Amino acid sequence: MAYLGSSPNEYLFSGVTYKVTDIFYTCRADDISKIRPHDDVAEFRLMDPRDVDPADLSFPSVRAAFAMLLARL
């Protein structure tokens with residue numbers, strides 16, 4: 001596992017907006033054959049990061065981390 005970077009974010013909970021710092025890591029998995037969606041995930045897809053549209057990513061901090069990832073490729 002390796003540190004990728006950090007990015008500020010805002011987290012709304014019970015009507016209060018909290019300023020947070022999201023921390024992102026990368027890692028390699030030797031075996032992904034047992035990956036299965038559970039109750040919190042409908043499905044998963046393995047994709048080349050260059051085929052992902054950053055506009056489809058959920059939060060500005062995630063888009064920032066994704067840009068960091070692409071810069072390393």
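## Aromatic pairs, salt bridges and a hairpin

Searching the whole structure turns up two aromatic pairs. Here Phe, Tyr and Trp rings (for Trp, its six-membered ring) count as a pair if their centres lie within 6.5 Å; planes under 30 degrees apart are called stacked, over 60 edge-to-face, and the rest tilted. In one pair, the rings of Tyr-3 and Tyr-25 have centres 6.0 Å apart and planes at 75 degrees, so this pair is edge-to-face. Because Tyr-3 lies in strand β1 and Tyr-25 in strand β2 (residues 16-26), the pair ties together parts that are 22 residues apart in sequence. In the other pair, Tyr-11 and Phe-13 have ring centres 6.2 Å apart and planes at 10 degrees, so they are stacked.

Before going further, a word on what you are looking at. This is a predicted model, in which local features need pLDDT of at least 70, side-chain atom pairs count only at pLDDT 80 or more, and totals for chains, interfaces and linings use all residues. Residues are numbered from 1 along each chain as its sequence is written, and side-chain values use heavy atoms, with hydrogens and water left out. As for confidence, pLDDT is the predictor's own score for each residue, from 0 to 100. The chain averages 93, and 100% of the residues score at least 70. Among the elements of the chain, β2 has the highest mean pLDDT (96) and β1 the lowest (94).

### The hairpin

Strands here are DSSP runs of E with at least two residues, while helices are runs of H or I with at least four; both are numbered from the N terminus. Two strands pair if DSSP finds at least two bridges between them. Strands β1 and β2 run antiparallel and are joined by eleven bridges. They form a hairpin with two residues between them, and Ser-14 in the turn has a positive phi of about 50 degrees. Across the hairpin, Ala-2 stands opposite Thr-26 in β2, and Gly-5 stands opposite Phe-24 in β2.

### A nonpolar patch

Which residues make the nonpolar surface patch of about 520 Å²? They are Met-1, Tyr-3, Ile-23 and Tyr-25. Patches are built from residues with over 30% relative accessible area and no salt bridge, joining nonpolar side chains (Val, Leu, Ile, Met, Phe, Trp, Tyr) within 5 Å and like charges within 9 Å. The areas come from the Shrake-Rupley method with a 1.4 Å probe, and for residues only the protein chains shown count as cover. Met-1 lies in the segment before β1 (2-13) and is exposed, at 81% relative accessible area. Tyr-3 is partly exposed at 44%, and Tyr-25 is partly exposed at 47%. In these terms, buried means under 20%, exposed over 50%, and partly exposed in between.

### Salt bridges

Side chains of opposite charge can pair when their charged atoms come close. The rule used here asks for a side-chain nitrogen of Lys or Arg within 4 Å of a carboxyl oxygen of Asp or Glu. By that rule there are two salt bridges, set out below.

| Salt bridge | Closest N and O atoms |
|---|---|
| Lys-19 with Glu-10 | 2.5 Å apart |
| Arg-50 with Asp-48 | 3.0 Å apart |

Lys-19 is exposed, with a relative accessible area of 67%, whereas Glu-10 is partly exposed at 47%. Arg-50 is exposed at 59%, and Asp-48 is partly exposed at 31%.

Terms used. Buried means under 20% relative accessible area, exposed over 50%, partly exposed in between (1.4 Å probe, protein chains only).
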